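Student: I would like a close look at a single part of this structure, the surroundings of the ligand, followed by the elements that carry it. Which elements each supply at least two residues of the shell around the ligand?

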Amino acid sequence: MSIRKGLQTLIKNDQMNLRNMIQKFLFITILLACLMPVKSQNLKENPEFDEKIRKFLNSRRWYDMNVPSVDGQLLYNIIIKNNYRSALEIGTSTGHSGIWIAWALSKTGGKLITIDIDEGRHREAVQNFKEAGLSQYIDARLADAHELVKELKGPFDFVFSDADKEWYKNYFIDIDPKLKVGGCFTAHNISERGRGYGGYGGQAQFLTYVRSLPNYETTVNSAGGGVSISYKKADK
Ligand SMILES: C[S@@+](CC[C@H](N)C(=O)[O-])C[C@H]1O[C@@H](n2cnc3c(N)ncnc32)[C@H](O)[C@@H]1O
């Protein structure tokens, strides 16, 4: 073999080796990326804080029309999964759902506005938020949500509707323009067949309406008190 041919063979071999190495490198990188735990968001983890909130939640009996824990956990999961940061709750009562929502927001770096018309429950909620260590993530308003919801600027990426059921559809209509695409509107005491609890028609009216909108995708979670979950897919 001439020197020239020998050199050409060497270069060819080197090029093949390089290609093989690049292929191997890419394969290993992709494999590692697939195997690594998914941590796409920068969640603020604080196990001691979590423990404090868990203890507080378990130390109370939540009987003031509050959501069951399974629904609180559901709201928490939706916020964490979607990294939501700007939340609105209509119907604070004494703050059970508000604590679950604000707990999730403490991890995503968000804030909750929560509204109640009843002074006693509002005051108790504010005290509960303080004791849970979540006050800084919550702006609790004592107001008639019929008026305040119209005035709030938003935009919101997460909403939980749990006040007067006959107003559910109106709340939704007022909030829709202020809900970001990709955001989520949830409502409580919704049954899959849309009949609603206690004979009220408000939930059924709301569910029929939101399901008629092509830019929303709605499911109902029936594990607890019934939560409708409507994701906004597009502006219209
Ligand atoms: C079912 S409770 C909310 C429970 C709360 N989400 C929880 O799980 O802890 C409903 C609350 O809505 C409030 N509410 C009813 N009508 C309202 C209105 N027009 N504006 C603001 N709050 C209202 C009531 O005072 C009551 O505290």
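Tutor: Helices and strands are here runs assigned by DSSP, of at least four residues for a helix and at least two for a strand, and they are numbered from the N terminus. With that convention, and bearing in mind that this is a predicted model, the elements you ask about are helix H4 (96-108), strand S2 and helix H6 (145-151), each of which gives at least two residues to the shell around the ligand. The shell counts 21 residues, and the closest to the ligand are Gly91, Ser93, His96, Ser97 and Ala145. Sorted by class, the surroundings of the ligand comprise six nonpolar, nine polar and six charged residues.

Ser93, one of the closest residues, sits in the loop between S1 and H4. Its backbone deserves attention, for Ser93 has a positive phi, near 50°, although it is not a glycine. Most residues other than glycine have a negative phi, and most peptide bonds are trans. A departure of the second kind is found at the bond between Gly154 and Pro155, which is cis with an omega of about -5°; Pro155 belongs to the loop that leads from H6 to strand S4 (156-161).

To see what stands behind the shell, we can turn to the sheet, in which seven strands are arranged in the order S3-S2-S1-S4-S5-S7-S6, with mixed pairing and in an open form. Strand S3 (138-142) and strand S6 (216-221) are the edges, and because each has a single partner strand, one side of each is left without a neighbour in the sheet. On average, neighbouring strands are turned by 15° against each other when direction is ignored. S2, which supplies part of the shell, spans residues 111-116 and runs parallel to S1 (residues 86-90), to which five bridges join it; within this pair, Ser86 has Lys111 as its bridge partner.

Towards the other edge the pairing takes the antiparallel sense, with five bridges between S5 (residues 179-188) and S7 (residues 227-232), where His188 stands opposite Val227. S7 is also antiparallel to S6, over six bridges, and in that pair Tyr216 faces Lys232. S6 and S7 make a hairpin with five residues between them, and Gly226 in the turn has a positive phi of about 90°.

Let us return to H4, another contributor to the shell, and ask what it packs against. Helix H3 (residues 69-82) meets H4 at an angle of about 25°, the two axes being 8 Å apart. H3 is therefore roughly parallel to H4, since angles under 35 degrees count as such. From H3 the contact draws on Gly72, Gln73, Leu75, Tyr76, Ile79 and Ile80, while the residues from H4 include His96 and Ser97, two residues that are also among those closest to the ligand. By class, the contact of H3 with H4 has nine nonpolar, five polar and one charged residue.

H4 also packs against H5, with axes that come within 10 Å and cross at roughly 40°, so the two helices are oblique to each other. Here Gly98, Ile99 and Ala102 of H4 meet Ala125, Asn128, Phe129 and Ala132 of H5, a contact with five nonpolar, two polar and no charged residues. The crossing of H4 with H5 is right-handed, and right-handed is also the description for the crossing of H3 and H4. H5 (residues 119-132) itself lies across S2 and S3, running at about 165° to S3, which brings us back to the sheet by way of S2, a strand that contributes to the ligand shell.

Conventions:
Residues numbered from 1 in each chain as written. Predicted model: local features only at pLDDT ≥ 70, side-chain atom pairs only at ≥ 80, totals over all residues. Pairing = 2+ DSSP bridges. Axes fitted to C-alpha atoms, helices over the stretch in contact; angles between N-to-C directions. Contact = placed C-beta atoms within 7 Å. Near = placed C-beta within 6 Å. Nonpolar A, V, L, I, M, F, W, Y, C, P; charged D, E, K, R; others polar. Parallel < 35°, antiparallel > 145°, perpendicular 65-115°, else oblique. Left-handed = near helix turned anticlockwise from the far one by under 90°.
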